[in-house]
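Got the model open in your viewer? Let's walk through it one selection at a time, starting with the ligand.

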Amino acid sequence: MKVELTDLTKKFDDLVAVNGVSLTVKDGEFLTLVGPSGCGKSTILRCVTGLEVPTSGRILFDGKDVTDQQPQERGIAMVFQNYALYPHMTARRNMSFALEDESLSKAEIESRISETAEMLGIGDHLDQIPEELSGGQKQRVALGRSLVRNPDIILMDEPLSNLDAKLRIELRAELQKIHQELETTTVYVTHDQEEAMTMSDRIVVLNDGEIQQVSSPEAAYNRPENRFVADFIGSPGMNFMRCRLQGGTIRAGPFSFDLPDAAEGKPTEIGIRPEDISLAEREGGDGTVGEVNVFEHIGPYNIVYLDVEDIGEIVAQIPASQYFDIGQSVSISVRNDRIHLFNETGRTIYN
Ligand code: ATP
């Protein structure tokens, strides 16, 4: 089912939580709202469910205006961070409860529950109550409770936030598989850019109640439309340096880049991702020099924080096989074809 938001605004007294958001979620799409705490993602989701009434704007499902419909009329399932299971009911009962309003035979309910439980790997836990389940199992039950209803739309609000890192990654992959199988329109909310990047067909980056970019995860990473998106997406984050344009050459401290087509617009800042910086042992006196402040072994790669004259600290991501000592002076090179330029309003003028 297609979901359309047109000029959606939600105010709480003077506070504008959502400011004129227009957005279409395609039928069968996995779309993620991502942004820092307080940017309005949950409020948008709650407006879609009907738990919150928008101050202005409309919400359409497959072209039909549902803005004034009650939550239970909307055919939506919701999965929350805190599972929201009934504590005294078994997993099976938590799931079947969701089906009570639908006129289904006992056999049909049973088969839907066992099919869903099988898909989620909780077939052996159906007779346990939430207290007897791990966090991951509880969230699988909560997900199962949503899926047994064959909803037209699934909304998920930070469903993995209460789980430990390893389980989050595991469930992330499972959610993707389930979505590939069921193709239910899914709107997912997270503050975790990595979660957004890995699971979604498209992401919507929000800040202060407003859309910053709607695009594929890959485009948000490689072609951010503004400085906020460039900064928010990617970990460790992009390096930003003040810069100026001099006759087709961008200069930032000791760095210089020849970019004839960047002469359009007035760049004030350059952005460089840590993985687009490479480091080498110094040979002779040439090149841009940095001094190693911090060296982190991550496993598949190393992270280095360096001091650069006239710039301050920058961060580089280098191959796991490369080592430098703290205090060591190294030469720095940057991939020319990967830099980003921003103007004084923070808009991207070169990607
Ligand atoms: P988080 O990741 O912290 O949940 P969020 O991006 O989901 O943040 P929202 O929960 O949508 O943000 O909140 C957006 C803004 O609206 C915040 O400033 C929040 O304090 C405010 N807000 C949300 N709900 C209410 C409410 N019921 N009454 C008053 N203000 C609210």
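Start with the ligand and colour its shell by class: the residues there divide into 4 nonpolar, 7 polar and 1 charged. Here Ala, Val, Leu, Ile, Met, Phe, Trp, Tyr, Cys and Pro count as nonpolar, Asp, Glu, Lys and Arg as charged, and the others, Gly among them, as polar.

Before you click on, some ground rules. What you see is a predicted model, where local features need pLDDT of at least 70, side-chain atom pairs count only at pLDDT 80 or more, and totals for chains, interfaces and linings use all residues. Residues are numbered from 1 along each chain as its sequence is written.

**Stop 1: the ligand shell**

To get that shell on screen, select Phe12, Leu15, Ala17, Gly35, Ser37, Gly38, Cys39, Gly40, Lys41, Ser42, Thr43 and His191. A residue makes the list if its C-beta atom, placed from the backbone, lies within 6 Å of the molecule. Strand S2 (15–25) and helix H1 (41–49) are the elements that give two or more residues to this shell. H1 provides the largest share, 3 residues. Helices (H or I, at least four residues) and strands (E, at least two) are DSSP runs, numbered from the N terminus.

**Stop 2: zoom out**

Now show the whole chain as a cartoon. You should find 8 helices and 22 strands, in a C-alpha trace that spans about 80 × 45 × 35 Å along its principal axes. Of the 351 residues, 37% count as buried; buried takes 20 or more other C-beta atoms within 10 Å of a residue's own, exposed takes 12 or fewer, and partly exposed is in between, with C-beta atoms placed from the backbone. Among contacts with a separation of 6 or more, 65% are between residues 24 or more positions apart. A contact here has C-beta atoms, placed from the backbone, within 7 Å.

Colour by domain next: domain 1 is 3–232 and domain 2 is 239–350, with bounds that come from an automatic or database domain assignment. Their C-alpha centres lie 38 Å apart. Where they meet, 6 residues of domain 1 are in contact with 7 residues of domain 2. The domain 1 side of that meeting point has 3 nonpolar, 1 polar and 2 charged residues.

**Stop 3: helix H3**

Select 106–120. Helix H3 has 15 residues, which should span 21 Å at 1.5 Å a residue, and its end C-alpha atoms are indeed 21 Å apart. The expected span is 1.5 Å times one less than the number of residues.

Which residues of H3 are buried? Pick out Arg112, Ile113, Thr116, Ala117 and Leu120. Look down the axis: these buried residues fall within an arc of 125°, so they line one face of H3. The arc is that of the directions from the helix axis to the C-beta atoms. They pack against helix H2 (91–97) and helix H4 (135–147). Flip H3 over and you get Ala107, Glu108, Ser111 and Glu118, which are exposed. Step past the end of H3 to Gly121, whose phi is positive, near 70°.

**Stop 4: helix H5**

Jump to 165–182. Helix H5 has 18 residues and reaches 26 Å from its first C-alpha to its last, close to the 26 Å expected. Its buried residues are Leu171, Leu175 and His179. They cover an arc of only 80° around the axis, which puts them on the same side of H5. What covers them includes strand S3 (30–34), H4, strand S8 (185–190) and helix H6 (193–199). On the face turned away, find the exposed residues Lys166, Ala173, Lys177, Gln180 and Glu181. Just after H5, Glu183 takes a positive phi of about 50°.

**Stop 5: backbone oddities**

Most residues other than glycine have a negative phi, and most peptide bonds are trans. With that in mind, try three loops.

- Asp62 has a positive phi near 45°. Find Asp62 in the loop between strand S4 (56–61) and strand S5 (64–65); with 12 C-beta neighbours inside 10 Å, Asp62 counts as exposed.
- Asp310 also has a positive phi, about 70°, and sits in the loop between strand S18 (301–308) and strand S19 (312–319). Asp310 is exposed, with 10 other C-beta atoms within 10 Å.
- Ser235 and Pro236 are joined by a cis peptide bond, with omega about -5°. Look for Pro236 in the loop between helix H8 (227–232) and strand S11 (239–242).

Methods: Contact = placed C-beta atoms within 7 Å.
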